[in-house]
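User: Please take a close look at one part of this protein, the annotated positions and what surrounds them. Start with the surroundings and work towards the sites.

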Amino acid sequence: MKLKQRVVLLAILLVIFIFTKVFLIDNLDTSAANREDQRAFQRMLAGLRVALDPHLEHTLQSPWEIAAQWVVPREVYPEDTPELGAVMHAMTTKKIIKADVGYKGTQLKALLILEGGQKVVFKPKRYARDYIVEGEPYAGYDRHNAEVAAFHLDRILGFRRAPLVVGRFVNLRTEIKPVATEQLLGTFMTVGNNTCFYGKCYYCRETEPACAEGDIMEGSVTLWLPDVWPLQKHRHPWGRTYREGKLARWEYDESYCDAVKKTSPYDSGPRLLDIIDTAIFDYLIGNADRHHYESFQDDEGASMLILLDNAKSFGNPALDERSILAPLYQCCIIRVSTWNRLNYLKNGVLKSALKTAMSHDPISPVLSDPHLDALDQRLLSILATVKQCTDQFGPDVVLVEDRMTLSHL
């Protein structure tokens, strides 16, 4: 064989070798990542049931210290949380040592301080489980049970970006009024045989109080994030105008996502993918009210979008507000890990998992069956939306690898 032929042959063999190596490595990496996603899903299913047990193993710390140490820039709580039940048990049983009006906002809530100095946000029951909230997708009062359900859905999706929430019954006469501030106490009243309060907020009215059954009020308590992690508020790029006849730009501009991608913090880092994860989360729970969102301060777009204030959810199981998915279908990108998790939850697994996760909550059943059924139907719509994107642009463009080591950012 002539030298020139040998050189050509060697060059061809080298190209084949390089191509084969790259192809195999890429596939091995993808396969390994997918296997880890599958293992993470199985671990999540195995840990779904959270028994509210006061026992803490292998630690002398308080439940509040444990929960505070869980928080890092990319998650509120870790994947492995053997003490989760103990923290949630403390949230629902620890003595209330102070009660005040809620922090600023549009909806009724109370700020409670529990024994040990832990702040929690209490949202009272306003609707029966089977009540249908008519009108706009963001209509009605906050739903306390929606906060509980949204927290467990956050666990199931593997996001771990929602603060801990658990149901709680409180005696307004013996637990709240004796420790209430004058500002909160001034909003208490009796309606019939029921103790009620209307609090202080933008939409709080004396004519629209939240009422207990007698003195016992059902509600949810949300664990306050540690003060060492101050929050920064951002306007959601896909927020609504809330003005009749006035559309936001994303509602009429098909190229809107291209403009978003050119602005900070969506031009780099994880924030845009967080927005899309959140759109999927909000579509599943029926939350069309995410006009702002919070992240940790001074993060330069690196920390997570925190899934706070999920109470405008689970209002109408028959309403599938597709516009909530606008970030997904306009940008046509999604994390591979999110895509894998959604596929694992098909065929009724999502409904079953959420029902199991909520079964130990003090206010169980948290959701009515129509709302659980709606979750599975909405999941199918999300999967179909991603398929439309992959059909149009190809999976290599749509499915984005973004596997950061969450606890080391």
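Analyst: Helix H10, residues 336-344, is mostly covered in this predicted model. Of its 9 residues, 7 are buried. They are Val336, Thr338, Trp339, Asn340, Arg341, Leu342 and Tyr344. The list holds nonpolar side chains such as Leu342, but also Arg341 and Asn340.

Strand E10, residues 292-296, is also covered. Because 4 of its 5 residues are buried, E10 is largely enclosed by the rest of the structure. Its partner is strand E9, residues 231-235. The two run antiparallel and share 5 bridges. Within that pairing, Gln232 faces Ser295 of E10. As a rule, side chains in a regular strand alternate between the two faces of the sheet.

Next, the packing. The largest nonpolar core has 108 residues. The members touching the most others are Met91, Ile156, Leu164, Ile176, Trp238, Ile280 and Leu284. Helix H8, residues 271-285, supplies 9 core residues, the most of any element. The core takes at least three residues from domain 1 (64-223) and at least three from domain 2 (231-400). Ile176 gives a local view of the packing. Beyond its sequence neighbours, Ile176 contacts Ile96, Ala99, Leu112, Val170, Asn171, Leu184 and Phe188.

H8 leads on to the annotated active site. The unreviewed UniProt entry lists Asp289 under "active site". Asp289 sits in the loop between H8 and E10. Is Asp289 buried or exposed? With a relative accessibility of 19%, Asp289 counts as buried, because the cut-off is under 20%. Its contacts away from the local sequence are Tyr138, Tyr242 and Lys312.

Now the annotated binding site. The unreviewed UniProt entry gives Asp142 and Asp309 for it. These two span 168 residues in sequence, but their C-alpha atoms are no more than 9.1 Å apart, so they gather at one spot.

Take Asp142 first. It lies in the loop between strand E3 (118-124) and helix H4 (144-157). At 10% relative accessibility, Asp142 is buried. Setting aside residues within four places, Asp142 contacts Gln107, Lys123, Arg126, Ala311 and Lys312. Lys312 also touches Asp289, so one lysine contacts both the annotated active-site residue and this binding-site residue.

Asp309 comes from another loop, the one between E10 and helix H9 (326-331). Its relative accessible area is 41%, which makes Asp309 partly exposed. Apart from residues up to four places away, Asp309 touches Tyr103, Lys123, Glu147, Asn287 and Arg290. Lys123 is therefore a contact of Asp309 as well as of Asp142. Glu147 falls within H4 by its number.

Finally, how far to trust the coordinates. The average pLDDT is 90, and 90% of the residues reach at least 70. Residues 12-29 fall below 50 and make 0 contacts beyond near neighbours in sequence. Residues 404-409 are also below 50, yet that stretch has 13 such contacts in the model. Where pLDDT is low, predicted coordinates should not be read in detail.

Notes
Residues numbered from 1 in each chain as written. Predicted model: local features only at pLDDT ≥ 70, side-chain atom pairs only at ≥ 80, totals over all residues. Heavy atoms only, no water. UniProt positions renumbered as here; feature names shortened; annotations may be inferred. Buried < 20%, exposed > 50% of the residue type's maximum accessible area, 1.4 Å probe, protein only. Contact = heavy atoms within 4.5 Å. Core = buried A, V, L, I, M, F, W, Y, C linked by side-chain atoms within 4.5 Å. Domains from an automatic or database assignment. Pairing = 2+ DSSP bridges. pLDDT = per-residue confidence, 0-100.
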